[in-house]
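Q: I have a structure open and do not know how to read a helix in it. Can we go through one feature after another?

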Amino acid sequence: MSRIGKSPINIPAGVEVSLSEDNVVTVKGKLGELSETINPDITVAINDGVIEFSRPSDQKDHRAQHGLYRSLVNNMIVGVTEGYTTVQELVGVGYRASANGQVLELALGYSHPIVFEIPKEIKVTATAEKGKNPEIKLESSDKQLIGQVAAKIRSLRKPEPYKGKGIKFKGEVLRRKAGKAAKK
């Protein structure tokens, strides 16, 4: 069996988990409400504050979905209790970010500023301290959505391997190249 899929999920205090007859798991907590549709082949059981998942056979797709849906529901529970945070750094001369409500305005070395609209489920803040790179901080209870938005922001100017300029995740280690070799 799947090591991830067979491990049960404990429901913390203050979190309400419900399962509808059309296999939709809904999780409510202090930070919001999330729902996920589960494949009908995967069986979900909610008993005494514990959620367990089981699969009908050892087919490859059943094994894959067993662990997948367990992880998705676990991420939902963590999201509504603690939430998720992603911090990105803008590395480069003149790179700036400013957040105004749900609109993120970026200056990334292009001839025009980039205006990026953030979904309402995500809270965005942009900070710029003297002597440090500007940072974009995204906070949400939905791990999938925050990851997708962070990847889209990063794709606007990926870090390049020679000087490391671009948008990178805080703490990300970039693989650097040496560049041209000096003549003798």
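A: Begin with what covers the buried residues of helix α3: β7 (84-91), β9 (103-107), β10 (114-117), β12 (135-140) and β13 (166-169) are among the elements that do so. Keep in mind that this model is predicted.

Q: Which residues of α3 are buried?
A: A residue counts as buried when its relative accessible area is under 20%. In α3 the buried ones are Leu145, Ile146, Val149, Ala150, Ile153 and Arg154. Viewed down the axis of α3, they fall within an arc of 165 degrees, so they line one face of the helix.

Q: What span does α3 reach from its first C-alpha to its last?
A: The span is compared with the one expected at 1.5 Å a residue. Helix α3 covers residues 143-155, 13 residues in total, and reaches 18 Å, close to the 18 Å expected.

Q: Which residue caps the N-terminal end of α3?
A: Aspartate 142 does: one of its side-chain oxygens lies 3.3 Å from the backbone nitrogen of glutamine 144.

Q: Is serine 155 buried or partly exposed?
A: Serine 155, which lies in α3, has a relative accessible area of 39% and is partly exposed. Its side chain reaches the backbone oxygen of lysine 152 at 2.7 Å. The C-alpha atoms of serine 155 and lysine 168 are 9.6 Å apart, with their positions 13 residues apart along the chain counted as separation.

Q: How are aromatic rings read, and how many aromatic pairs are there?
A: A pair of aromatic rings is described by the distance of the centres and the angle of the planes. Here the count is 0 aromatic pairs. A ring can also have a charge over it: arginine 157 lies over the face of tyrosine 110, 4.2 Å from the ring centre.

Technical notes
Residues numbered from 1 in each chain as written. Predicted model: local features only at pLDDT ≥ 70, side-chain atom pairs only at ≥ 80, totals over all residues. Heavy atoms only, no water. Phe/Tyr/Trp six-rings, centres within 6.5 Å; stacked < 30°, edge-to-face > 60°. Lys NZ or Arg CZ within 6 Å of the ring centre and 35° of its normal. Helix = DSSP H or I, 4+ residues; strand = E, 2+ residues; numbered from the N terminus. Expected span 1.5 Å × (residues − 1). Buried < 20%, exposed > 50% of the residue type's maximum accessible area, 1.4 Å probe, protein only. Arc of directions from axis to C-beta. Contact = heavy atoms within 4.5 Å. Polar contact = N/O pair within 3.5 Å; in protein donor to acceptor, adjacent residues only side chain to side chain.
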